Amino acid sequence: MEDVKIQPENIKEELWPWRHVGAKSCNLWHKPRDCFAQRGEAEREHDGVCSNCKQVRLQLKIVQAKRKDLVDSAKARRQEVSSKVKICHLSPASQQAREFNVRRERKNYRREAKRLRISTALTFSDEESKELAKLIECLSS
């Protein structure tokens with residue numbers, strides 16, 4: 001359960017008297033897996049478990065497999081500034097990476113705005129500025 005960030009709604013985790021992950025609709029106390037130590041792994045997986053809990057465990061395995069298959073390029077896409085994935089759904093490391101990327105992007109925009117201001121700035125001589133001031137006075141009155 002530790003590697004599953006978003007826990008499905010139909011799953012409950014019980015820690016007492018032993019750790020058990022099962023369906024919320026299940027009211028049974030399932031025996032711990034160690035009771036079936038002499039049997040094969042495949043048989044132990046489903047012994048002493050109701051059908052609802054079997055279905056939930058299958059769902060959890062699918063979620064865990066998807067989580068492990070998330071490659072670095074997909075993680076990088078989620079950390080980009082333009083990503084539509086909500087930041088609350090990211091891991092803490094990915095949240096920090098996204099916030100760093102946002103700050104870096106802001107610096108780039110500021111730099112670009114400053115460059116555009118400098119390149120489009122108008123400079124006038126003293127005569128031109130006086131003529132411009134007279135023109136503005138005439139238009140305002």
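Biologist: What share of the contacts in the protein with a separation of 6 or more comes from residues 24 or more positions apart?
Modeller: This is a predicted model, in which local features need a pLDDT (the predictor's confidence in each residue, from 0 to 100) of at least 70, side-chain atom pairs count only at pLDDT 80 or more, and totals for chains, interfaces and linings use all residues. Residues are numbered from 1 along each chain as its sequence is written, while side-chain values use heavy atoms and leave out hydrogens and water. With contact meaning heavy atoms within 4.5 Å, the share for residues 24 or more positions apart is 31%.

Biologist: In what pattern do the elements of the protein follow one another along the sequence?
Modeller: The protein has five helices and two strands, taken as DSSP runs numbered from the N terminus (helices H or I, at least four residues; strands E, at least two). Read along the sequence, they give the pattern β-β-α-α-α-α-α.

Biologist: Which element of the protein has the highest mean pLDDT?
Modeller: The protein averages a pLDDT of 77, and 72% of the residues score at least 70. Among the elements, the lowest mean, 54, belongs to helix 1 (residues 41–46), and the highest, 91, to helix 5.

Biologist: Is N101 buried or exposed?
Modeller: N101 sits in helix 4 (residues 92–120) and touches Q79, E80 and V81, not counting residues up to four places away in sequence. A polar atom of the N101 side chain also lies 2.9 Å from the backbone oxygen of Q79. Because its relative accessibility is 15%, and buried means under 20% relative accessible area, exposed over 50% and partly exposed in between (1.4 Å probe, protein chains only), N101 counts as buried.

Biologist: How far apart in space are L90 and Q79, C-alpha to C-alpha?
Modeller: L90 lies in the loop between helix 3 (72–79) and helix 4, and at 7% relative accessibility it counts as buried. Its contacts, leaving aside residues up to four places away in sequence, are R78, V85, Q95 and R98. L90 and Q79 are 11 residues apart in sequence, and their C-alpha separation in space is 8.6 Å.

Biologist: Which residues does S83 touch, not counting those up to four places away in sequence?
Modeller: S83 is found in the loop between helix 3 and helix 4, where it is buried, with a relative accessible area of 17%. Beyond residues up to four places away in sequence, S83 touches R77, R78 and R98.

Biologist: What N to O distance is found in the salt bridge of R115 and E112?
Modeller: Side chains of opposite charge can pair when their charged atoms come close. The structure holds one salt bridge, a term for a side-chain nitrogen of Lys or Arg within 4 Å of a carboxyl oxygen of Asp or Glu. R115 and E112 both lie in helix 4, three residues apart, about one turn of the helix, and R115 counts as partly exposed at 45% relative accessibility, as does E112 at 34%. Their side chains meet at an N to O distance of 2.4 Å.

Biologist: What accessible area do buried and other residues give the protein as a whole?
Modeller: Buried residues make up 18% of the 141 residues. Carbon and sulfur atoms hold 54% of the accessible surface, which by the Shrake-Rupley method with a 1.4 Å probe comes to about 11,600 Å².

Definitions and conventions: Polar contact = N/O pair within 3.5 Å; in protein donor to acceptor, adjacent residues only side chain to side chain.
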